Amino acid sequence: MSWLLANLDMVLSLTLDHIWLSVVPIVLGFLLAVPIGAIANRYHLVRGTLVTASGILYAVPSLALFVLLPSIIGTQILDPLNVIIALTLYAVALMVRTTADALADVEPDVIQSAKAMGYSTWGRLVRVELPLSGPVLLAGMRVVAVSTVSLVSVGALIGVNSLGYLFIDGFQRNFPLEILVGIIGTVVIALVFDGLLVLMGRFLLPWSRITRTNGRLIVVQDDPVVINP
Amino acid sequence: MNNWLDALAWLVDPENLTGPGGVPARTVEHLGYTLLTLVIAAAIALPIGYLIGHTGRGRGLAVAVSGGFRALPTLGLVTVLALLMGLGILAPLTALVILAIPPLLAGAYAGVGAVERSTIDSARAVGMTEWQVFAQVELPLSLPLAISGLRSATLQVIATWTVAAILPVGGLGRFMLDGLPVRNYAEVLGGAIVVILLALVIDAVLAGTQRIVIPRGVKALRLASKRMHA
Amino acid sequence: MLRNTKSRILGGAVAVIAAVAMVGCSSSNPTAPPSSGSVAPASGTVVVGSAQFPENEIIAQIYAQALTANGITVETKLSIGQRDVYLAALQDGSINLIPEYSGNLLQFYDPKTTATSSDEVVAALGDALPSGFEVLDPAKAEDKDSYNVTQKFSTENNVTSLADLAGLGIPLKVGGNPELGERPYGIPGLKDIYGVKDVTLVPISDSGGPLTVNALVDGTVDLADIYSTTPAITQNKFVTLADPKNMILAQNVVPLISSAAATDEVKAVLNKISANLTTAELLAMNELNQGDKKESPETIAKDWLEQKKLF
Amino acid sequence: MIEFRSVTKQFPDGTRAVDSLSLVIPSRKTTVLVGSSGSGKTTILRMINRMVDPTSGVVEIDGDDIAGKEPVKLRRGIGYVMQNSGLLPHRKVIDNIATVLYLTGVARGRARGRALELMDTVGLDRAFADRYPSQLSGGQQQRVGVARGLAVDPNILLMDEPFGAVDPIVRSELQQELLRLQRELGKTVVFVTHDIDEAFLLGDQIAILKTGGEIAQLGTPTEILSNPADDFVSSFVGTDRGARALHLAPGRFGNLVIDGTGRPAGILVNESPTEGPSWPGQTRGPSTDGR
C-alpha cells in the first residue's frame, strides 16, 4: 500500500495512458464497423469475405501485430499508433461480424412492415434495423471494450507504456504487488467502460432490458461467437 | 513487403525446420500446451456451464465472473503467477486456463439456454430423468453454441500462448520473444505465420466437427426457419 | 433482397473503399495519447529513452531530471525494449538520448572488435557508431553481463572461471534473456571463445531478474547471466565466473546521443553526471529499486541528484 | 379416475394458481379444463403427472395418492401432448414416437415397430418415419405428438392446448381425429384449452375455470349451456350476449339457422349433411352435438 501511495503519480499517469490507448480503438472500431457490417449484411459475397478475414485476424497474436505494423504502414516503432491501429483492427473485425449478425437477426416481420409503411432502404436501416440491433451491438461493444482494455497492456512489451508497464517492471524486480496493482487497475478500467456502455444502453435503448427480456438476447449477449481475441 | 519475403525465407530455411528449436517441434509443443489448457479449462467450465444451463440458476453470477475473467490481462497474470509459482509451465497454464474459461462457460450455458423450453419441458413430461433430460436433450441440442465457445476459446488460447514465452517455455511464442529483442522480424513474422496457420487449421477442424456433431434435425430446423425468412 | 451481380460488385467496391478509408484514417489519426505523442520532438527537445530494465531506467531518469533542472525541454520514453529495439528507436528519431553500456554497444556495431579495456572500448566506439550519433564521457560506473554459478556448483565442479567450463564435459544450461542466443558475449562466445561444446540457453525475459536468479538457485539452469550490479548476486552468494579472455568487454555507463541534440549545454550536464556515477552507487540504487523498498526510478534518481548536490 | 382433493398451488413468487380445488375426473371420458390465461388450467393438468407438485391437498389416481409415486415412473405411464408438440428436434419422427418406449427399456426394433403402428393409428403416412420434426407441417407434428403420447398405451392422456398453434382447418381435422381415437381407445383424457367451442366439441365433462384455479361450473356441455351457474359462465360461453342463441329463418332448402349476431350458421335439415342437398352447411355448437 505504501508503495502505491509513493508511486500514485506514476500509476495514475499510466492509467491515463491506458485509458487513451483503449478508448480510441473502441470508439473508432464501432464507428467503422457499423457501416461495414451493414454492407456485409446486405451483400452476401462481402459478408463471406469479411467473416473469413475477421477469422484470420483473430488468429494473429496481438504481439506480432504490434511489432509488425511499423513496417507495414510506416509508423515509428515506438508510436502508440501501432497499438491503437492494431486494436482498432481487432475491434472492427469483431464488430463487423456482430453488426452483420445483429441486422440479420431483426425480425423479418418488422422489416416487412417498415417496407410497407414506405421507408426507403437507407431510412429503414437507420431508423428501424440499427435501433433494433442496438441490444446486440451493445453486447458486442461490451466484449470489445473489455478485451481492448486487456490487450493494451501487451503494448508494454514493445515500449508503448500503459498499466502493462507495471507487469514488466514488477516481473523484473520480483514485485508481485506492482503487477497486482496493474491487474486491478486494468480490471477497474474495463469494468468502468462496461458500466458506461450499460448506462448508455439504458439511455439510448430504454425499450430494451437486455438482461431481462427474452432468451435470445441473453444468448447473444454471451454469444461465444463474439470473440475476445 | 520485404518482411514477408524474409519471413518466408526464414520459414523454409532448413535450419529452422529441424531440431528441438525447429518449427515442427515448436508447433507440437504449442499444440500440446493448447490442448492441455483446453482440457483443464473444459473440465472446470463445462460442468459449471451445464449445471447453470440445466438448473437455470447462477447465470447472473456466471456472467459477472466471466466478464471479470475476460477483463484480466493475460500478460499481468502470466508475470504475477510466474513470480508466485515459479518457473515452469504451471504459471502460464493457469493464466491461459483463466482466459479459456469464459467462452467455454458461455458456450455451455448459452447452448442449453438456446434450447426451446417446451422441448425440455416435454422431455421431462414424458418421463425422462434429469440426467436423461441433460444427456439426451440439452447436451446434443446445445452443441452448436458449445462448440462455437470451444472454437473461440481455442483461437484465443493458440494466439495468447505466445505471450507466455517471456518465461522459459517452448511453443511458437519462442520465435516471437526471441526475435523481438534482436529485431529479427523475419523470425517474429515467421513464428506469427505459423501461429496463424495453426489456428486456422485447428479452427477448420473444429468447424468440421461442428458440422458433423450438430444433430441433423437441428440443421433441418435451421433450413426451415431460413426458408421462412427468405 | 437484391442479390444480382451488380449489387455484389457494388458491395465489394464499397467494402474495399471502407477498408482503405479505415486504414487511411487510422494511420493519420491525430488522437494519440497526450503523454507520448507520436509527433517528432520539437527541435531542442531531448527525448530520453531507456532499455527495458530498471537500472537503465534509473540512469535515464537521472539524465532527464538533470537536464530539466538545467532548463532543457525533456520528454521521456522509458522501458522501450532491448538494444536492437531502442537503437532502432534512436535511429528513427523516436528518442535521441539513452544511457548505454560501452562494451555491448561496441560489440553491437562491431562484433569482431578487439578492444577490451574501458579506454579501448570508448575509443573504438567513436569509429563504430553510425554517423549522426556519438557517446559522451563514460562514467566510472560499470555494469556488465556476468556469468554466475551457485557456491555448490562452483565447489563441486571446481569452477571459478569461464575457462573452466570447457573441461567439465557435462551439458550446461544458461539462464538469461533470449538475445543471449545471438550476442557475441552470449552462447556464441561461450562456444567460440571458451570452447564450451554442449551449452544451451534457457530464455527468461526478465533481464537477469528474480526468475533467472531462482532458476539458478533451484538448479533449473547451471549458469545465469546476471548484471554485475544486481544485489541478488551477493545476497545468494553466487560465484561470478572470471572472464580471462575478456569475452565480456568493459561496460562503462555512457550517454549515447544523436549529434543534433548534443548541444554544449546538454553535454556539460551529462558529463557532469558521468563524472560522479560509480559502480557502488549503481549497486545501491538497484538495491533501493529491487530490494524491500521498491522505490521508483524517478525517486531514486531524484535522491541521488540531491545527495550529490548536482544542479 | 383422477381425484383432486382440496388442492392448492402457490408459486414461490406468491401467486396462487390453484386454490383448494376439488375435482373428480372420470375414467375413459374426456374432461376439458377451459379458462382464460391465468386460470390455472395448465397447472392443474401438470399436477396429474407431478410436473407440478401441489402446495397442499391430495391428487389421487385410482385411489392412490400420487405424492408417494416416483415422478419419472409416474410420467412414463401417462401420455402427454402439448402445444407446439414438444418434439425433440434432433430425433427422427419414429424415434420421437418411441421415446418413452426407449426410456422404459423396450428393445429398439420392437419400439420402432410399435411406433410405426402408432403412425397408422394417428393417421400419419409411414413415409414420414425418417423425417425430422422440422420437416413436417404443424398439423403433422401434432399427430406425432399424439402418437408419442399413446406409445406406452397409457390409461391417461394429458393434452395441454395441443391444437392451439395450428390453423383452423387443421385444428378441425385434428379435433375430429381425436374424437375418432377416443371412440376407439377410450382413454381418460384431460384436455386443456381456452377455446370454449373446442371444449364443447370434445368434452364429456367440462370444467370452466376462473382466475386462481377456481371452478366456476362443472358439467356436461348441455348442462352448462342450459343452466349457466353464474354471470361469469354466461359471459364465458357467450349466452349473455345471445351469442349462443340460435333461431330459425325460412330458406330455399329448409330453415336457416341464424346465430346471435344475425349471421347464418347453417341450414337445419333432418337428414345427415352428406345426404342432404348441395349445401353441406353444418351448425356448430352443442345444439347439433351428435354424440
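In chain D, 61% of the contacts with a separation of 6 or more are between residues 24 or more positions apart. That's one way into this structure, which is a predicted model. Let's stay with this chain for a moment, then look at two interfaces.

**Chain D on its own**

Chain D is built from ten helices and 13 strands. Its radius of gyration is 21 Å, close to the 19 Å that the globule rule gives for 291 residues, so chain D is as compact as a globular protein of that length. If you follow the C-alpha trace along its principal axes, chain D spans about 65 × 50 × 30 Å. And how much of chain D counts as buried? The share is 48% of its 291 residues.

**Two interfaces with chain B**

Chain B touches chain D, and chain B is also in contact with chain A. Here are the two interfaces in one table.

| Interface | Residues in contact | Buried area | Share from carbon and sulfur atoms |
|---|---|---|---|
| Chain D and chain B | 21 residues (chain D), 23 residues (chain B) | about 1,900 Å² | 63% |
| Chain A and chain B | 44 residues (chain A), 48 residues (chain B) | about 3,800 Å² | 78% |

**Where chain D meets chain B**

How many salt bridges turn up between chain D and chain B? The count is one. In that salt bridge, the side chain of D:Arg46 meets the side chain of B:Asp121, at 2.6 Å from N to O. Polar contacts show up here too, with eight residue pairs across the interface of chain D and chain B, both partners at pLDDT 80 or more. On the chain D side, the elements giving two or more residues are helix 2 (71–76), strand 6 (78–82) and helix 4 (99–103). Sorted by class, that side of chain D has ten nonpolar, six polar and five charged residues.

**Where chain A meets chain B**

Now for the other interface. Between chain A and chain B there are zero salt bridges, and the count of residue pairs in polar contact, both at pLDDT 80 or more, is also zero. Several helices of chain A give two or more residues to the side that touches chain B, among them helix 3 (44–59), helix 4 (62–73) and helix 7 (121–152). Which helix gives the most? Helix 9 of chain A does, with seven residues. As for residue classes, this side of chain A divides into 34 nonpolar, eight polar and two charged residues.

Note on methods
Residues numbered from 1 in each chain as written. Chains lettered and ligands numbered in written order. Predicted model: local features only at pLDDT ≥ 70, side-chain atom pairs only at ≥ 80, totals over all residues. Heavy atoms only, no water. Contact = heavy atoms within 4.5 Å. Buried area = accessible area lost by both parts, 1.4 Å probe. Salt bridge = Lys/Arg side-chain N within 4 Å of Asp/Glu carboxyl O. Polar contact = N/O pair within 3.5 Å; in protein donor to acceptor, adjacent residues only side chain to side chain. Helix = DSSP H or I, 4+ residues; strand = E, 2+ residues; numbered from the N terminus. Nonpolar A, V, L, I, M, F, W, Y, C, P; charged D, E, K, R; others polar. Rg over C-alpha atoms; globule rule 2.2 N^0.38 Å. Buried < 20%, exposed > 50% of the residue type's maximum accessible area, 1.4 Å probe, protein only.
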